[in-house]
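Reader: Please show me the structure. Then let us work through some questions.

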Amino acid sequence: MWRMTGAPLTDLPEPLFLAIDHVGIAVRDLDEAIAFYRDTFGMQVLHEETNEEQKVREAMVGVGDPAAPHSCLQLLAPLDESSTIARFLDRNGPGMQQLAYRVADVEKASQVLRDRGVRTLYDEPRRGTAGSRINFLHPKDAGGVLVELVQPAEDH
């Protein structure tokens with residue numbers, strides 16, 4: 001269900017979202033997924049890491065010019081069966097898991113959205129890919145979509 005409560009749209013702090021940062025795709029095997037996106041679509045891995053806190057192995061794959069990609073796909077593979085991605089794969093199979101928007105200040109954006117009646121999954125931002133700061137919006141408050149808010153690391 002769409003939630004339309006709280007402050008009117010004219011009260012936006014600058015633009016609330018700066019850009020679509022990435023689309024998260026749940027995969028069972030990260031190496032196979034990387035090979036598929038590389039060999040089939042010609043995309044290149046821009047960043048790869050293991051996030052122990054979220055129990056995922058992930059790769060950011062650039063869309064567009066590899067020297068200056070405009071957007072990314074985030075390939076997410078579970079480290080074990082207790083991860084959120086493993087549960088997603090069990091319920092839905094591989095596919096789109098989340099839509100991530102880039103924000104200037106994840107705490108401020110989270111508070112604006114909370115003031116509008118949208119629930120965040122975390123009270124405080126957590127560490128995301130490449131040292132970014134992240135939070136998620138509850139899918140029931142965002143039209144059934146898991147929305148991630150991403151504040152890139154300062155040096156990114």
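Author: This is a predicted model: local features need pLDDT of at least 70, side-chain atom pairs count only at pLDDT 80 or more, and totals for chains, interfaces and linings use all residues. Residues are numbered from 1 along each chain as its sequence is written, and side-chain values use heavy atoms, with hydrogens and water left out.

Reader: Which residues is N135 in contact with, leaving aside its neighbours within four places in sequence?

Author: Contact means heavy atoms within 4.5 Å. Neighbours within four places in sequence are left aside. The partners of N135 are then V106, S110, R114, T120, L121, Y122, V147, E148 and L149.

Reader: Which strand does N135 lie in?

Author: Strands are DSSP runs of E, at least two residues, and helices are runs of H or I, at least four, numbered from the N terminus. The run at residues 133-137 includes N135. That strand is β7.

Reader: Is N135 buried or exposed?

Author: Buried means under 20% relative accessible area, exposed over 50%, partly exposed in between (1.4 Å probe, protein chains only). N135 has 0% relative accessibility, so N135 counts as buried.

Reader: Which element gives the largest share of the largest nonpolar core?

Author: A nonpolar core is a set of buried Ala, Val, Leu, Ile, Met, Phe, Trp, Tyr and Cys residues joined through side-chain atoms within 4.5 Å. The largest one has 12 residues, including I25, L30 and A77. Two or more residues each come from α1 (30-41), β3 (56-63) and β4 (71-78). The largest share, four residues, comes from α1.
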